[in-house]
Amino acid sequence: MSRPPKKKIRKKKLFKEPLQSPKGTHDIFYPEILHFTRLERICSELAEFFGYKRIEVPVIENKALFEHGVGIGTDIVDKETYTFQTKGGDWLSLRPEFTSGIVRSYIQNSMDNWPEPVKLWSWGPLFRYENPQAGRYRQFWQADFEFFGPLDPIVDAELILLATKIVKIFGIKQSFVEINSIGCPECRANYRKVLKQYYHTKTRKLCSDCKVRFKKNILRLLDCKNETCQEIKKGAPEILNYLCKDCSSHFQKVIEYLDLLGIAYILNPQLVRGLDYYNRTVFELKAGLAEDAAKAPALLGGGRFDYLMKLLSGPDVPACGFAIGVERMIELAANKEENEDVDVYLAQIGDSARHKLIVLLEEFRKAKIKIGFDLARDSLKAQLKSADRLDAPFALILGQEEVLHDKIIIRDMKSSLQETINLADVVEEVKKRLAKLKS
Ligand code: HAM
């Protein structure tokens, strides 16, 4: 019998080239996604331990929130926030950070009626229209921690402790804290004057952005990454010499607590951070060695923002917090090849074994034993190879013969020794063997 002729269907290509994700955005998938979920888990566990409750705030907020929160005159608001007008005429912005949204939520939901302190944390994507480069994305993720409560230097130190713990547990071996105090509005008013005097004769050499900053927001001059501006910055007066008594004593105590907690830090008197709401303690945590501080990208940054709540028409509540750059952490993850180690690998041969295995998987899941399996594979050799790749200490083998007699083979992957046991005992047997391995 001759086959009917195949119809040739010509589909016109919709695009000359396949579409790419928008500039500065990226997909997160295997193997990076393993680090991503691990970091979220570490943050979540430590948040619980330190008493932080999770909060989710919208990705869109009123444009005015960031203009007043982060501040007009900052790069984030002036250049990097995605803002648009809705069909209804409202001006909205994609959140470039969490802090302002969380403060807005605190006020809106009267969280000042909650028992003090209120500790909140969040995890999610943020948007900044930056020039994409290593470690800088237009959509990126942060883990954000905010503390609302008593103005005590122990709070600043405890937050820095939490930040260093997350970084350490995640596996970043070399990192250091940079810390500074930018005082209260009064200290800064005095400091701005001396800074203006210092830069007064140097404005011609500054980059075009800094020329504007000199007029609009002189502290931002200390934040510039331009090489010439950085050189000029080296001779600038240091804010620590212009702190009032209270700010100075607060900073001194934060430092003492860090010493007590054994947290290594370096004082960076020119650290001002790129957001306007900060006062007193500001800090960043950088990867690598302190000698390379100038070049090192910040893994996280934060500080006090005692005046933001009031500025946004809320109660007078001091606050302190930090945010971790998730992509920067992932890029530095100690072991790029995040292993997916499993406790045991389940191999099967034949249909009846496959059916039994589906039930067995559920039992292992309930017992919280990490299992590897591949139901689409029938070859024992290929399955044992996968068990090896996943570093499983044991493999369980279920063939027709075993199914028939309610048995299962347990194989020690290191010694290749095999033993046949009752299927009903398999979870307990695996548990026992794993416990022995760990002891
Ligand atoms: P931030 O310094 O703007 O602070 O951001 C915190 C961290 O987010 C940075 O240290 C960096 O790791 C990461 N990050 C920032 N921009 C990007 C980007 N374009 N691409 C990739 N990663 C980036 C804040 O956002 C404050 N809200 C932190 C805070 C919380 N302060 C008090 N509470």
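## Ligand shell and strand pairing

A polar side-chain atom of E97 sits 2.6 Å from a nitrogen atom of the ligand. The protein covers 96% of the 650 Å² of accessible area that the ligand has on its own. This is a predicted model.

**Around the ligand**

The ligand is surrounded by 26 residues. The closest are E97, E130, Y137, E146 and Y278. Three polar contacts are set out here.

| Residue | Protein atom | Ligand atom | Distance |
|---|---|---|---|
| E97 | polar side-chain atom | nitrogen | 2.6 Å |
| T99 | side-chain N or O | nitrogen | 2.9 Å |
| A298 | backbone N or O | oxygen | 2.9 Å |

E97 and T99 make these contacts through side-chain atoms, whereas A298 uses a backbone atom.

What is the make-up of the shell by class? Eleven of its residues are nonpolar, seven are polar and eight are charged. Strands contribute too. β6, β10 (298-304) and β11 (319-325) each supply at least two residues of the shell. β10 gives the most, with five residues.

**Strand β5 and its partners**

β6 also leads to another part of the picture. This strand (residues 139-148) pairs with β5 over ten bridges, in the antiparallel sense. Within that pairing, P125 of β5 stands opposite W141 of β6. β5 has a further partner in β1 (residues 53-54). Here the strands run parallel, and two bridges join them. R54 has W121 in β5 as its bridge partner.

Both directions of pairing fit the general rule. Strands of a sheet pair through backbone hydrogen bonds, either parallel or antiparallel.

Is β5 enclosed or open to its surroundings, and why? β5 spans residues 118-127, and ten of its ten residues are buried. Buried here means under 20% relative accessible area. The strand is therefore largely enclosed by the rest of the structure.

**The five-stranded sheet**

Further along the chain, five strands form an open sheet. Their order is β13-β12-β14-β15-β16, and the pairing is mixed. Which strands lie at the edges? They are β13 (371-373) and β16 (418-422), and each pairs on one side only. On average, neighbouring strands of this sheet are turned by 25° against each other, direction ignored.

One pairing in this sheet joins β14 (residues 394-398) to β15 (residues 407-412). The two strands are antiparallel and share four bridges. F394 has D412 in β15 as its bridge partner.

How values were computed
Residues are numbered from 1 along each chain as its sequence is written. This is a predicted model: local features need pLDDT of at least 70, side-chain atom pairs count only at pLDDT 80 or more; totals for chains, interfaces and linings use all residues. Side-chain values use heavy atoms; hydrogens and water are left out. Buried means under 20% relative accessible area, exposed over 50%, partly exposed in between (1.4 Å probe, protein chains only). Two strands pair if DSSP finds at least two bridges between them. A residue is near a molecule or strand if one of its heavy atoms lies within 4 Å of it. A polar contact is a pair of N or O atoms within 3.5 Å; within protein, one must be able to donate a hydrogen and the other to accept it, and residues adjacent in sequence count only if both atoms are side-chain atoms. Accessible areas come from the Shrake-Rupley method with a 1.4 Å probe; for residues, only the protein chains shown count as cover. Ala, Val, Leu, Ile, Met, Phe, Trp, Tyr, Cys and Pro count as nonpolar, Asp, Glu, Lys and Arg as charged, and the others, Gly among them, as polar. Axes are lines fitted to C-alpha atoms, for helices over the stretch in contact, and angles run from 0 to 180 degrees between N-to-C directions.
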